Amino acid sequence: MRIRDFKIIDSTLREGEQFVGANFTTGQKIDIAYALDQFGVEYIELTSPVVSERSFQDLKAIAGLGLRAKVLTHIRCKREDAAKALEVEGLSGIDIVIGTSSPLRRFSHGLSLPQIIERAREVISFIKGSRPELEVRFSTEDSFRSSREDLFQVYRAVDELGVDRVGIADTVGAATPFGVFELVRELRGLVRAEIEFHGHNDTGCAIANSYAALAAGASCVDTSVLGIGERNGITPLGGLIARLYSLDPERIREKYNLRVLPRLDELVAEMVGVDIPFNNPVTGIAAFTHKAGIHAKAILGDPTTYEILSPEDFGLSRYISIAHRLTGWNAIRWRAEQLGLSLGEGDLRQVTAHIKALADERPLSLDDVDAVLWRWARSRAGSRREDAGDL
Ligand code: HCA
Ligand code: CU
């Protein structure tokens, strides 16, 4: 399935601030915003201005940077929150959220469904009446544990009020890809507004769920750098990009500046005090490392054999690990060539057998492999000289 028209709403500066290790300074927020803008995300979402004076000032600062990305803020469905957001110049839109599931209705805001719709009407008309140029998104927290009937009633009401996007939020990471597909499909037939998906990663499904949402007709996905957010976070920007790139590389290359991704991941990892996971899509240390002899041989012949993402597109390079018992003589030949050693196939097969035997004894490093290759090449040269002397 080709997904061409979609937008990324990066929420590192909102959802990401809810990650346990995140405590961004103004300067750090600005650095993240510039890097996201350079990468090319379409939207940057920031924490509500009512959270604190610093949050308010930082929102104003980032909305005033003149970024290409549209700057959004995220508020509760409350008139006073909207009023504060409306003070911010340079803002492109306001994302409103309210809980619709019965536990949230009971324990969070205490509003009934008609009261939620009434409140939505009040806040949306207030925003649209004050600054009609602002985009408004209305999202239902914990959508997947809300009754369909309730959800659709709310979405239809806010759609009629003229919101630009309706948001589905898998707040607790409960959704499955099929469930997301089905809900978005149905909603697509009901509303005129664009559909946005926000998915938490409690069961590791955030990327798959976001993809399912896009495939079913959503056009916006919320991400954060490295997926940071409440608990174990949401759809990671890099992972979503990997998912979409593998399906349509040209489109993703033209839409985003992929070489910025490693810097973004490193920047945010450092700021929040975590390492980039070894298995992270694209930027994990092992993402482009090939090991088994069969893989190494094929990769050396044509990298697309075992890579659906091209590391060069992200400014990265692949690594072929050869110092272990799974190695093969093609990989060893490649290394010998890199060292400028010319060994015939018979020799290479023997060296490889020797390296495998050594690796059975102890862990090897590339230096060990190189040393074996050099020794072998020297002894070969010596014996060739002896042969020549014999003649
Ligand atoms: C939360 C709110 C939210 C909001 C998502 C949205 C969620 O922190 O609980 O605005 O669509 O996951 O429901 O992040
Ligand atoms: Cu969330």
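Welcome! The residues that donate to the copper ion (ligand 2) follow the spacing E-x182-H-x1-H in sequence, where donors are N, O and S atoms within 2.8 Å of the metal (3.2 Å for Na, K and Ca), and water is not among the atoms, so sites may look incomplete. This is a predicted model, in which local features need pLDDT of at least 70 and side-chain atom pairs count only at pLDDT 80 or more. Residues are numbered from 1 along each chain as its sequence is written, and side-chain values use heavy atoms, without hydrogens and water.

**Copper site**
- Glu15 (OE), His198 (NE2) and His200 (NE2) are the protein donors, lying 2.1 Å from the copper ion.
- His198 and His200 are both buried (under 20% relative accessible area, 1.4 Å probe, protein chains only).

**Nonpolar cores**
- The largest nonpolar core (buried Ala, Val, Leu, Ile, Met, Phe, Trp, Tyr and Cys residues joined through side-chain atoms within 4.5 Å) has 92 residues, and Phe39, Ile96, Phe138 and Leu237 touch the most other members.
- Helix α5 (residues 113-130) gives this core its largest share, eight residues; helices are DSSP runs (H or I, at least four residues), as are strands (E, at least two), numbered from the N terminus.
- A second, separate core has 21 residues, among them Ala296 and Ala359.

**Helix α2**
- Ser55, Phe56, Asp58, Leu59, Ile62 and Ala63 are buried in helix α2 (residues 53-63).
- Viewed down the axis of α2, these buried residues fall within an arc of 165° (taken from the directions from the helix axis to the C-beta atoms), so they line one face of the helix.
- Their cover includes α1 (26-39), β2 (43-46), β3 (70-76) and α3 (79-86).

Note on methods: Chains lettered and ligands numbered in written order. Buried < 20%, exposed > 50% of the residue type's maximum accessible area, 1.4 Å probe, protein only. Contact = heavy atoms within 4.5 Å.
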